[in-house]
Amino acid sequence: RKPVTINTLQSLYRKNEPITMITAHDFPSAHVADHAGMDMILVGDSLAMVALGMEDTSEVLLEEMLLHCRSVARAKTAAFTVGDMPMGSYEIAPEQALETAIRIIKEGRVKSVKLEGGKEMAPAIAKITSAGIPVVAHIGLTPQRQNALGGFRVQGKSTASALKLLSDALAVQDAGAFCVVLEAVPAEVAALVTKKLIIPTIGIGAGNGTSGQVLVQVDMSGYFPPGRFIPKFVKKYGDVWSESMRALTEYKTEVKSRAYPAPEHTYPMPKEEFTEFEK
Ligand code: KIV
Ligand code: NA
């Protein structure tokens, strides 16, 4: 597969062909995403919960994001890679945002960065893009700001809130973002914002009128224990947890019964050699 570049993504957008994006947080999850033909792979800070067992994304450190970006990058994917900027690593000043973005590129080895926020982040987006680092913006439900939003709530449900979403989208576009994630937004609002922009929108919980879609891989592939909360917008395409459970419980049973390892899993030794050894 030919490497996906920013030009490939722009051409998909021009052809009105939906852009596919999925998260990955390590070498195997990046490999499977790439083999499945994803256009973009996001090392999302959602790895805080799905890979590190943290309560929310506010806990994950830049150093941790760098480690996971690096392991994804080592899969040498054709998919265009994006690294999330963790909370605290970019909000203080555009200079801080650029410094962090440079580390994500140089040490994380991904091709672009993503940050949360609209109008207020425009100077940071402009600073990062001025250094030749492509930026994905993220507006609507921005999980890093969950405490200020009053939790994980749909954004853009009122006229005023939809207008704010649109002005944020235009602001990040004008600042130089090459695409924008719209999270948890009514479908008709996301579709209209998409029409007003000249950069692709990538939706998550934003209906099918966006220029592309993104989901958290662990959620959509069903690699989580029964009972875990999954947002309404997630479609569970697989049941990786059940398959893992099946394999591991069968292994346990076969070890206990000595059915495993069988002769075919065992290294042979010439009989004479063993007779000699036995003495
Ligand atoms: O961290 C993440 O996985 C994300 C996507 C859900 C957009 O930001
Ligand atoms: Na994120």
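Which residue stands opposite I22 in β2? The partner is I41, and this pair makes a good starting point for a tour of the structure. The model is a predicted one, in which local features need pLDDT of at least 70, side-chain atom pairs count only at pLDDT 80 or more, and totals for chains, interfaces and linings use all residues. Residues are numbered from 1 along each chain as its sequence is written, while chains are lettered from A and ligands numbered from 1 in the order in which they are written.

Helices and strands are DSSP runs numbered from the N terminus, with H or I over at least four residues for a helix and E over at least two for a strand. Two strands are said to pair if DSSP finds at least two bridges between them. Strand β1 (residues 19-23) pairs with β2 in the parallel sense over 3 bridges. With β8, β1 pairs in the parallel sense over 4 bridges, and there I19 has G212 as its bridge partner. A residue counts as buried if 20 or more other C-beta atoms lie within 10 Å of its own, exposed if 12 or fewer, and partly exposed in between, with C-beta atoms placed from the backbone. In β1, 4 of the 5 residues are buried, so the strand is largely enclosed by the rest of the structure. Together, β1, α2 and β2 make a right-handed β-α-β unit; right-handed describes a path from the first strand over the helix to the second that runs clockwise when the strands point away from the viewer.

Strand β7 (residues 201-204) comes next. T201 and G203 point one way from β7, I202 and I204 point the other way, and all are buried. Strand β6 (residues 179-183) pairs with β7 in the parallel sense over 4 bridges, with I202 as the bridge partner of V181. On to strand β8 (residues 212-215), β7 makes a parallel pairing over 2 bridges, and here I202 is partnered by G212. A right-handed β-α-β unit is formed by β6, helix α9 (residues 187-196) and β7.

Some of these strand residues meet again around ligand 1. Its surrounding residues include T23, V181, I204 and V214, where a residue is near a molecule if its C-beta atom, placed from the backbone, lies within 6 Å of it. Also among them are D45, D84 and H138. The shell divides into 5 nonpolar, 4 polar and 2 charged residues. In this grouping, Ala, Val, Leu, Ile, Met, Phe, Trp, Tyr, Cys and Pro are nonpolar, Asp, Glu, Lys and Arg are charged, and the others, Gly among them, are polar.

Helix α4 (residues 62-73) has M65, L66, H68, C69, V72 and A73 as its buried residues. Elements that cover these include α2 (27-35), β2 (40-43), α3 (47-50), β3 (80-84) and α5 (94-106), contact being counted when C-beta atoms, placed from the backbone, lie within 7 Å.

The backbone also holds a few points of interest. Most residues other than glycine have a negative phi, and most peptide bonds are trans. K76, in the loop between α4 and β3, has a positive phi near 45°. A184 lies in the loop between β6 and α9, and its phi is near 50°. K76 is exposed, with 12 other C-beta atoms within 10 Å, whereas A184 is buried, with 23. The peptide bond from Y260 to P261 is cis, with omega near -5°, and P261 sits in the loop between α11 (240-256) and α12 (271-278).

Methods. Contact = placed C-beta atoms within 7 Å.
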